[in-house]
Amino acid sequence: MMNKFIRSAIKEAQKGMRQGDGGPFGAVIVKDEKIVAKGHNVVIKSNDPTCHAEVTVIRKAAKKLKRFDLSDCEIYTTCEPCPMCLGAILWARIGKVFYGCDKEDARKIGFDDEAFYKAFEDPFKTPLIRWERLEADGCRKVFDEWATKEDKTTY
């Protein structure tokens, strides 16, 4: 019998894909065996390349729970998270990821992220981005202000 949470992620993927919102990707966030949020890829609908299913559902769950730390939650997603989504999962502190398809399955249908994975091996050497550092001293002043800010919320 299929896991009910991954089944819900699949339904989200189908919904979004059939509506023309984006690719065939869906995700749900679960806390204490209950779905907190559902989401699907809305890259096309929103014209926002960051609106992958995992990022979308993390935003919804954080808003609903009124917190950015989702360490007591799990994410169920129809595909192995891409590097961007993995970053979002890490920043949300989600400790468990359940996924269906893998990056090879995604590549076979036109979603090839291999260049992105390679870029993370040494981001300053990737041909995908030109890097140039500017105004480090000015930027450091903002960092120094943060370091001494007494009423900050660390994350």
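Me: Rings of Phe, Tyr and Trp, the six-membered one in the case of Trp, are taken as a pair if their centres lie within 6.5 Å. With that rule applied to this predicted model, which residues do ring pairs link into a cluster?

Reply: Phe5, Tyr76 and Phe98 are the residues that ring pairs join into a cluster. Across the model, the rule gives a count of six aromatic pairs.

Me: What makes the aromatic pair of Phe25 and Phe111 edge-to-face?

Reply: The centres of Phe25 and Phe111 are 4.9 Å apart and the planes stand at 85°; a pair needs centres within 6.5 Å and edge-to-face needs planes over 60 degrees apart, so both conditions are met. The pair also joins distant parts of the chain, 86 residues apart, with Phe25 in the loop between helix H1 (4-19) and strand S1 (26-31) and Phe111 in the loop between helix H5 (103-108) and helix H6 (114-119).

Me: How do you know whether Phe25 counts as buried or exposed, and what does Phe111 count as?

Reply: Phe25 has 14% relative accessibility, and buried means under 20%, so Phe25 is buried. Phe111, at 33% relative accessibility, falls between the 20% and 50% limits and is therefore partly exposed.

Me: Why is the aromatic pair of Trp91 and Tyr155 called tilted?

Reply: Trp91 and Tyr155 are 6.3 Å apart from centre to centre, with 55° between their planes; since stacked requires under 30 degrees and edge-to-face over 60, the remaining class, tilted, applies. This pair, too, links distant parts of the chain, with Trp91 in helix H4 (residues 83-92) and Tyr155 in the segment after helix H7 (136-148), 64 residues apart. Both Trp91 and Tyr155 are exposed.

Me: What makes you say that the charged end of Lys103 sits over the ring of Tyr117?

Reply: The charged end of Lys103 is 4.1 Å from the centre of the Tyr117 ring, and the distance limit for a charge over a ring is 6 Å, so that part of the test is satisfied.

Me: How do you know that Asn41 is buried, and what does its side chain reach?

Reply: Asn41 has a relative accessible area of 5%, which is under the 20% limit and so makes the residue buried. Asn41 is placed in the loop between strand S2 (34-40) and helix H2 (43-46), where its side chain reaches the backbone nitrogen of Gly23 at 3.4 Å and the backbone nitrogen of Val43 at 3.0 Å; a polar contact is limited to 3.5 Å, so both distances fit. Leaving out residues up to four places away in sequence, Asn41 touches Phe25, Cys51 and His52, among others.

Me: Why does Glu12 count as buried?

Reply: Glu12, found in helix H1, has 9% relative accessibility, and anything under 20% is called buried, so the term applies. With neighbours within four places in sequence set aside, Glu12 is in contact with Gly26, Ala27, Lys38, Gly39 and His40.

Me: Why is H7 said to lie largely in the open?

Reply: H7 has 13 residues and the number buried is zero, so the helix lies largely in the open. As for its length, 1.5 Å a residue leads to an expected span of 18 Å, and the end C-alpha atoms of H7 are 18 Å apart, which agrees.

Me: What is notable about the phi of Asp32 and of Arg93?

Reply: Most residues other than glycine have a negative phi. Asp32 nevertheless has a positive phi of about 55° and lies in the loop between S1 and S2, whereas Arg93 has a positive phi of about 65° and lies in the loop between H4 and strand S4 (96-101). Asp32 is exposed at 59% relative accessibility, and Arg93 is partly exposed at 40%.

Me: How many residues has the largest nonpolar core, and which element supplies the largest share?

Reply: The largest nonpolar core has 21 residues, and Ile29, Val57 and Leu70 are among those with the most contacts inside it. S1, S2, helix H3 (53-65), strand S3 (74-79) and H4 each supply at least two residues of this core, and H3 gives the largest share, five residues. Another core, of six residues, lies apart from this one and includes Phe5, Ile6, Ala9 and Val30.

How values were computed:
Residues numbered from 1 in each chain as written. Predicted model: local features only at pLDDT ≥ 70, side-chain atom pairs only at ≥ 80, totals over all residues. Heavy atoms only, no water. Helix = DSSP H or I, 4+ residues; strand = E, 2+ residues; numbered from the N terminus. Buried < 20%, exposed > 50% of the residue type's maximum accessible area, 1.4 Å probe, protein only. Lys NZ or Arg CZ within 6 Å of the ring centre and 35° of its normal. Polar contact = N/O pair within 3.5 Å; in protein donor to acceptor, adjacent residues only side chain to side chain. Contact = heavy atoms within 4.5 Å. Expected span 1.5 Å × (residues − 1). Core = buried A, V, L, I, M, F, W, Y, C linked by side-chain atoms within 4.5 Å.
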